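Reader: I should like a close look at one part of this structure, followed outward to the elements that surround it. Please begin at the place where the backbone takes an unusual turn, and set out the reasoning behind each conclusion.

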Amino acid sequence: MRRVLGLKYWLVRSSLVLCAGAALAGAPNTARAQGSSATPADGDAIKLAREQFSQALSLQTGGDWAGALALLKEVAAVKPTPQVRFNIAICEERLGRLVAALGDYELAASDAQAEKSDQVGQEVESRLEALKARVPRVVVQRGDGADSATISLDGVSLGDSVLNVPLPADPGPHVIEAKALGFRPFKQSFRVAEQQTATILVKLEPEPAASVPNVPPTARAESHSMRTIGFVVGGVGIASLVGSGALFYLRHTTITDLDKQCGADRQTCPDSERSTVDRGKLYTTLGDVTLAVGAVGLAVGAALVIAGGHSSEQASISIAPGAAYANAGATLLGRF
């Protein structure tokens with residue numbers, strides 16, 4: 001208890017004297033020695049730094065470590081003396097930022113040695129050794145499936161050189177994450193307390209194999225394509241049958257006109273009706289062709305649509321265009 005009170009008294013009094021009185025006050029003298037390089041703004045900055053340092057010490061005494069830390073960092077931006085570094089480390093230690101405090105204590109010790117500030121060096125050394133014993137450690141190791149994984153601690157990527165090595169960490173919650181191609185992402189949350197060492201073994205599980213669908217996508221695509229072609233061919237067949245009907249109607253109309261002009265036996269046809277005879281023959285020929293095309297197209301289209309609808313079955317379809325044409329001819333074809 002007596003040591004704690006003595007330390008606090010040293011912080012308030014000795015830091016004011018050593019830092020504000022020696023280091024910060026020495027800055028204007030240095031500026032004056034430089035002559036024309038000094039500016040009024042330099043003196044204003046040093047004056048403000050003295051005031052901020054004094055306020056920071058008052059906040060430390062009142063237990064406002066966060067407020068004191070903010071002011072001390074502004075002072076350090078003007079002149080980072082060993083005393084300023086030391087007080088920054090004290091604030092960080094009180095706020096639980098042990099890793100940052102460890103680094104600032106070491107900087108303060110280095111600066112104190114460079115400036116031959118024995119009093120600050122002694123205080124830093126005593127606190128630095130005690131803090132090292134308090135700082136938690138985290139050991140990250142590669143496990144199954146993590147040989148090539150990218151591993152991070154609290155969002156910071158870890159190289160191979162720091163794996164299997166105790167890493168200093170602040171007390172409290174932390175997160176280890178790892179990723180690798182072909183494996184499920186790894187994520188583990190954990191907490192460490194002061195003086196504790198946590199070992200995390202990173203293990204990655206392979207991604208599950210993709211399930212094979214019952215019907216391959218290519219088979220479905222072929223089935224859909226077959227049905228589409230069937231509808232198109234069937235549509236052409238229907239259109240041909242409609243055209244054939246129209247041609248046979250024109251043929252019938254032509255025959256009726258010839259019967260009126262030539263008689264039923266067509267023995268007295270004038271030469272002027274020769275074009276009508278030729279037109280009738282053309283209608284007959286075109287009607288026969290479109291009828292055959294329509295019949296075949298309708299049959300083939302229907303077969304393709306049925307086969308596409310049963311793609312899981314192996315069907316063999318045989319079309320005999322000649323038979324369709326023969327039946328159509330026997331029923332509908334005539335001699336002109």
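Author: In this predicted model, the place to begin is G96, which follows just after helix α4 and takes a positive phi of about 85°. The helix that precedes G96 may be examined next. Helix α4 covers residues 82-94, and at 1.5 Å a residue its 13 residues should span 18 Å; the end C-alpha atoms are 19 Å apart, which agrees with that expectation.

How enclosed is α4 by the rest of the structure? Eleven of its 13 residues are buried, and therefore α4 is largely enclosed by the rest of the structure. The buried residues are P82, Q83, V84, F86, N87, I88, A89, I90, C91, E92 and E93.

One of these residues, E93, leads to other parts of the chain. E93 has a relative accessibility of 12%, and it counts as buried because that value is under 20%. Its partner in a salt bridge is R134, with the closest N and O atoms 2.7 Å apart. This pair links distant parts of the chain, as R134 belongs to helix α6 and E93 to helix α4, 41 residues apart. R134 itself has a relative accessible area of 23%, which means that it is partly exposed.

R134 has a further partner. Its side chain meets that of E194 in a salt bridge, at 2.9 Å from N to O. Since R134 lies in helix α6 whereas E194 lies in the loop between β6 and β7, the pair ties together parts that are 60 residues apart in sequence. E194 counts as partly exposed because its relative accessibility is 38%.

Another salt bridge involves R184 and E205, whose closest N and O atoms are 3.7 Å apart. R184 is placed in the loop between β5 and β6, and E205 in the loop between β7 and α7 (217-262), so this pair ties together parts that are 21 residues apart in sequence. With a relative accessibility of 38% for E194 and 41% for R184, each of these residues counts as partly exposed. Through shared partners, salt bridges join E93, R127, R134 and E194 into one network. The structure holds six salt bridges.

The helices beyond α4 deserve a description as well. The axes of α5 and α6 come within 9 Å and cross at roughly 155°. Because that angle is over 145 degrees, α5 is roughly antiparallel to α6. The crossing of α5 past α6 is left-handed. In the loop between α5 (98-114) and α6 (118-134) lies K116, which has a positive phi of about 55° although it is not a glycine. K116 counts as exposed because its relative accessibility is 70%.

A comparable description applies to the loop that holds E194. Q195 lies in the loop between β6 (186-192) and β7 (197-202). Its phi is near 70°, a positive value in a residue other than glycine. With a relative accessible area of 60%, Q195 is exposed.

The strands β6 and β7 next to that loop belong to sheets, which may now be described. Strands of a sheet pair through backbone hydrogen bonds, either parallel or antiparallel. β6 is part of an open sheet of four strands in the order β3-β2-β5-β6, with antiparallel pairing. In this sheet β3 (156-157) and β6 stand at the edges with a single partner strand each, so one side of each is left without a neighbour. Strand β5 (residues 172-179) runs antiparallel to β6 and is joined to it by seven bridges; E177 stands opposite K187 in β6.

β7 is part of an open sheet of three strands, in the order β4-β1-β7 and with mixed pairing. Here β4 (167-168) and β7 are the edge strands; each has a single partner strand, so one side of each lacks a neighbour in the sheet. Strand β1 (residues 137-142) pairs with β7 in the parallel sense over six bridges, and V138 stands opposite A198 in β7.

To return to the starting point, G96 with its positive phi comes just after α4, and α4 is largely enclosed because eleven of its 13 residues are buried. From E93 the salt-bridge network extends to R127, R134 and E194.

Key:
Residues numbered from 1 in each chain as written. Predicted model: local features only at pLDDT ≥ 70, side-chain atom pairs only at ≥ 80, totals over all residues. Heavy atoms only, no water. Helix = DSSP H or I, 4+ residues; strand = E, 2+ residues; numbered from the N terminus. Expected span 1.5 Å × (residues − 1). Buried < 20%, exposed > 50% of the residue type's maximum accessible area, 1.4 Å probe, protein only. Pairing = 2+ DSSP bridges. Salt bridge = Lys/Arg side-chain N within 4 Å of Asp/Glu carboxyl O. Axes fitted to C-alpha atoms, helices over the stretch in contact; angles between N-to-C directions. Parallel < 35°, antiparallel > 145°, perpendicular 65-115°, else oblique. Left-handed = near helix turned anticlockwise from the far one by under 90°.
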